[in-house]
Amino acid sequence: MTYEAVIGLETHVQLRTRTKMWCGCANEYGAEANTNVCPVCIGLPGVLPVPNAEALRKTALTGMLLNCDVPSYAKWDRKNYFYPDNPKNYQLTQLDFPSTIEGFVEFEFGEGIERVRINRAHLEEDVGKSTHFSDYSGVDFNRAGVPLLEIVTEPDLTGPDMAYDYLNALKGILEYGGVSDCDMEKGQVRCDVNISVRPVGQTELGEKIEIKNMNSFSGVRRAAAYEIERQIGVLREGGTLVQETRRWNDVVGITENMRTKEDAHDYRYFPDPDLMPHRPSEEWIAEVRTLVKELPLARKQRLMADFKLPSSDAVVFVGDAALGDYFEVAAKGAKNPKAVANWVINNLQAKFSETGSTVADIKFETSAIGELVGLVEGGKISSKIAQDVFAEMFESGKSPAPIVEEKGLSQVCDTSELQAFCNEAIAANSASVEDFRNGKEAALNFLKGQVMKVSRGKANPKIVGELLKKILGS
Amino acid sequence: MPHTLTISQLTDKLAQGELSSREATQSCLDRIDAVDGQLNAFLSHDPEDALAQADAADAARTGGKSKPLLGVPIAMKDVIAVNGHPLNCASKILGDFNSPYDATVTEKLREAGAVVFGRVNMDEFAMGSSTENSAFGPARNPWDSDCIPGGSSGGSAVAVAADECIASLGSDTGGSIRQPAALCGCVGLKPTYGRVSRYGLVAFASSLDQVGPLTKDVRDAATMLGVIAGEDKRDSTNVPEPVPDYIAALTGDVKGLKIGLPKEYQVDGIDPEVKSATEAAVAELEKQGAEVKEISLPHTQYAIATYYIIATAEASANLARFEGVRYGARVDGASPEKMNRATRGAGFGEEVKRRIILGTYVLSSGYYDAYYLRAQKVRTLIRQDFLNAFKEVDLIASPTTPTPAFKIGEKVDDPLQMYLSDIFTISCNLAGLCGISIPCGFSVSGLPLGLQLLGKPFGEPDLLRAAHAYEQATDWHTKRPEIG
């Protein structure tokens with residue numbers, strides 16, 4: 001019997017906000033323990049939460065980026081459980097009326113585009129961080145109350161690689177939208193993975209097993225791969241699977257039982273009486289919608305279609321949004337946008353790394369690269385000369401045509417002038433002339449190079465080739 | 001004897017320079033020394049701090065400042081945060097915890113110039129109707145020290161009735177201001193839910209709790225409400241409704257005011273003295289021109305059950321933060337869970353534990369729909385009862401309590417009997433209304449009786465107007481107990 005895997009992901013992402021979800025403390029990683037805290041976020045007696053408007057906006061924005069609906073009513077619930085890092089011993093979250101629902105993420109997988117449905121992206125609060133020492137433990141509450149988005153997929157993922165690609169696509173979307181920095185090192189993204197397996201052809205799902213609290217995408221991929229094999233193995237040997245929660249042991253590369261259904265928490269959810277429901281107005285939703293940016297995949301597809309770029313170039317511009325924005329302006333109206341892309345990706349980026357500058361520091365006009373391409377394609381300058389012109393453009397901010405003019409860099413196309421360069425090269429390289437006449441075609445290229453050298457790069461290589469053939473062939 | 005003055009009497013004397021705030025404050029402190037050993041209204045107080053505030057108030061007055069409570073000593077229920085002072089909620093579990101911040105009401109009292117002093121006794125975490133649930137011993141009724149003062153704001157009522165302060169703040173979740181005010185013979189006002197900020201009030205049941213004043217007369221209640229009411233961005237449930245001039249509402253004129261008497265409140269077990277005092281009070285208002293009519297609140301019989309589901313559910317989560325990790329008393333354990341259990345087992349009293357367990361149960365998987373969800377629906381019906389009634393009448397009158405103060409220890413072993421003493425006050429919180437209790441007589445044995453008036457949401461001006469008009473025609477509020 002063949003089995004297939006069914007995977008759903010719950011991804012927790014810290015929102016990038018100035019302050020925490022319910023108080024004015026900084027949402028900042030790396031500060032000294034328990035310095036970004038106040039009566040509210042450490043749960044002193046008598047305090048009350050006040051929702052962070054920026055977090056509400058970024059939650060709705062995330063929903064829009066994930067093609068979710070933003071319902072006109074959302075509320076907060078208390079999830080009750082005791083743990084030292086949980087200051088109130090209940091966590092504020094959204095149980096049955098989340099801020100965003102029912103969307104999807106599209107991403108490239110294999111040869112095609114996959115779509116994974118999003119059940120919801122809801123807002124909750126992060127907890128503190130426990131550290132265990134030899135004979136005591138400590139809790140740092142700097143992280144407690146940081147706005148945390150939980151993005152829940154439908155069980156639409158079919159394997160570890162697909163899960164991995166989905167997560168990367170999701171990260172790209174969230175970074176692109178400016179809603180989260182998604183810094184894995186800082187623990188800003190954490191995943192729970194739900195996995196079941198079933199015989200191919202069976203419609204009902206197998207027993208769901210959850211792997212909790214993964215903090216790397218490659219870990220998710222490896223854990224999922226292991227877990228699928230394990231589950232199939234159990235079934236093949238005639239065993240049965242029970243609903244349970246497992247953890248990934250990254251060192252050994254296996255999943256281990258954490259708890260089974262019997263000792264699952266009863267979280268006793270109920271609506272938080274300290275917070276009013278959030279009822280976003282149409283105006284508010286429209287305002288947030290103005291913040292929606294084109295998603296990475298859409299941009300890639302558009303760059304490929306509108307500018308006839310190969311996938312590899314489009315990926316560069318999607319990965320570096322500022323460079324991509326610059327390209328789009330520079331290539332607007334260009335006859336050969338691919339050539340503009342080459343200049344931007346190769347030469348411009350090289351200059352950036354050479355000088356430590358960025359798009360913001362460019363001195364020349366946005367039309368200049370297009371003009372430069374035009375000069376080369378029009379035969380006005382050689383591509384070699386174009387390199388020098390570009391260097392000068394970058395240095396001084398001048399446009400290419402005046403540079404060519406001032407420095408006399410125009411290509412020589414006048415036949416009599418070129419004839420003189422050819423004669424000079426032929427006279428100095430009799431051995432190559434001999435080779436060519438003996439049928440060594442490569443010798444012609446060498447001679448061509450010599451002509452270019454003599455002309456200091458200004459000779460039109462195409463005409464030189466023809467001239468040389470004519471002279472030597474006669 | 002400055003400590004016997006009302007707010008308006010004291011502020012007049014302060015304004016005319018007949019008296020200083022230091023003298024008034026010292027007078028209260030002396031009174032505490034004289035009587036509180038017997039009454040146990042104050043859990044703690046800091047005379048030096050109080051006198052320093054009084055001196056500052058006197059200096060401000062000399063400098064030409066005039067504020068509604070400038071130099072007036074106000075005692076605080078031990079559930080309201082005052083920066084730098086103990087915040088125990090009359091519980092052992094908070095250990096030596098001092099609040100590092102002021103509640104919004106504390107800030108507002110300070111802005112109004114009050115001398116904020118003392119931590120007054122209460123039922124632990126405001127759970128109770130007698131102040132017997134205090135971890136620091138019961139407070140005693142100044143009219144008869146064998147009797148309970150009511151609760152949970154028992155200390156707030158005793159401190160006012162025994163002239164240990166000029167006025168006090170309490171909190172009311174199901175009658176915790178009105179009931180002790182009635183049993184101690186002072187005025188107790190529960191504002192409309194959302195009228196006063198809850199920031200810094202340690203939550204018992206968040207959707208029911210309100211802070212309110214206990215005072216020696218209705219005018220003082222109006223003054224206090226004017227100070228503590230108003231918008232607070234730190235409390236999302238606070239309603240940004242403009243604060244009217246409550247003093248201006250005290251016109252003495254109740255002509256045409258419609259007062260409803262709920263037929264469902266004619267229940268067995270009402271003490272005949274209470275009944276006749278209430279009837280006489282209503283008759284007095286009628287004599288002054290109010291119209292009285294019978295109304296119906298059909299879901300009344302479900303109020304207590306509904307209350308004990310919703311309040312305990314919320315409390316079970318609200319009190320989860322007390323486990324000794326970050327503050328308060330801690331009993332060590334080999335694991336976080338063992339530490340939690342040991343700390344909470346030792347720190348909470350019986351009634352608090354009973355309510356946490358009840359609240360945990362009603363929220364449990366499989367029971368939520370039958371209890372909590374259903375209670376929320378009934379709550380909506382109860383609120384609707386009142387909103388319907390308020391289409392016909394402006395106020396609703398009833399006894400505040402079914403009986404005068406009972407003896408200490410009389411009901412401690414019978415929580416249900418204890419819960420029933422809140423029968424007239426509880427619905428007000430479920431419906432989010434405002435309510436007041438004012439003195440309306442004495443039992444034959446000399447214990448005070450209270451008249452309760454309920455008003456529509458944000459209907460405090462009508463409530464105060466009627467209470468004040470009644471008070472003008474009677475002298476119950478001027479009676480003082482003889483202590484000792």
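**View 1. A:Glu244 and A:Arg230 form a salt bridge in chain A.** In this predicted model, A:Glu244 is buried, with a relative accessible area of 11%. Its partner, A:Arg230, is buried as well, at 18%. Their side chains meet at 3.6 Å, counted from N to O. Look for A:Glu244 in strand S11 (residues 244-249) of chain A and for A:Arg230 in helix H3 (residues 217-236) of chain A; the pair links distant parts of the chain, 14 residues apart.

**View 2. A:Asp192 pairs with A:Lys212 in a salt bridge.** Here the closest N and O atoms are 3.3 Å apart. The two residues sit on strands of chain A: A:Asp192 belongs to S9 (residues 189-199) and A:Lys212 to S10 (residues 209-214), with their positions 20 residues apart in the chain. A:Asp192 has 5% relative accessibility and so counts as buried, the cut-off being under 20%. A:Lys212, at 24%, counts as partly exposed.

**View 3. In chain B, a salt bridge joins two loops.** The side chains of B:Asp144 and B:Lys407 meet here, at 3.9 Å from N to O. B:Asp144 lies in the loop between strand S3 (115-120) and helix H5 (154-161) of chain B, while B:Lys407 lies in the loop between strand S9 (395-399) and helix H13 (415-420) of chain B, so the pair ties together parts that are 263 residues apart in sequence. B:Asp144 is partly exposed, with a relative accessible area of 25%. B:Lys407 also counts as partly exposed, at 42% relative accessibility.

**View 4. Five charged residues of chain A are joined into one salt-bridge network.** The members to pick out are A:Glu294, A:Arg299, A:Arg302, A:Asp325 and A:Glu328, connected through salt bridges that share partners. For the wider picture, a search of the whole structure finds 50 salt bridges over all chains.

**View 5. Helix H8 of chain A has a kink centred on A:Val344.** The helix covers residues 337-355, which makes 19 residues. From its first C-alpha to its last it reaches 25 Å, close to the 27 Å expected at 1.5 Å a residue. The kink amounts to about 30°, and A:Val344 itself is among the buried residues of H8(A). Others on that list include A:Pro337, A:Trp343, A:Asn347, A:Lys351 and A:Phe352. If you would like to see what covers the buried residues, bring in helices H5 (296-307), H6 (311-319), H7 (321-330), H9 (368-377) and H10 (383-396) of chain A, which are among the covering elements. Just after H8(A), A:Gly356 takes a positive phi of about 65°.

**View 6. Helix H1 of chain B has its buried residues on the same side.** In this helix (residues 7-15), B:Ile7, B:Leu10, B:Thr11 and B:Leu14 are buried. They cover an arc of only 95° around the axis, which puts them on the same side of H1(B). Among the elements covering them are helix H2 (21-39), helix H3 (47-62), strand S2 (73-77), strand S4 (167-172) and helix H7 (218-228) of chain B. Just after the helix comes B:Gly17, with a positive phi of about 75°.

**View 7. Chain A is divided into three domains.** Domain 1 takes in residues 3-289, domain 2 residues 296-407 and domain 3 residues 415-471. The C-alpha centres of domain 1 and domain 3 of chain A lie 69 Å apart.

Technical notes. Residues are numbered from 1 along each chain as its sequence is written. Chains are lettered from A and ligands numbered from 1 in the order in which they are written. This is a predicted model: local features need pLDDT of at least 70, side-chain atom pairs count only at pLDDT 80 or more; totals for chains, interfaces and linings use all residues. Side-chain values use heavy atoms; hydrogens and water are left out. Helices (H or I, at least four residues) and strands (E, at least two) are DSSP runs, numbered from the N terminus. The expected span of a helix is 1.5 Å times one less than its number of residues. The bend at a residue is the angle between axes fitted to the seven residues ending there and the seven starting there. Buried means under 20% relative accessible area, exposed over 50%, partly exposed in between (1.4 Å probe, protein chains only). Contact means heavy atoms within 4.5 Å. Domain bounds come from an automatic or database domain assignment. The arc is that of the directions from the helix axis to the C-beta atoms. A salt bridge is a side-chain nitrogen of Lys or Arg within 4 Å of a carboxyl oxygen of Asp or Glu.
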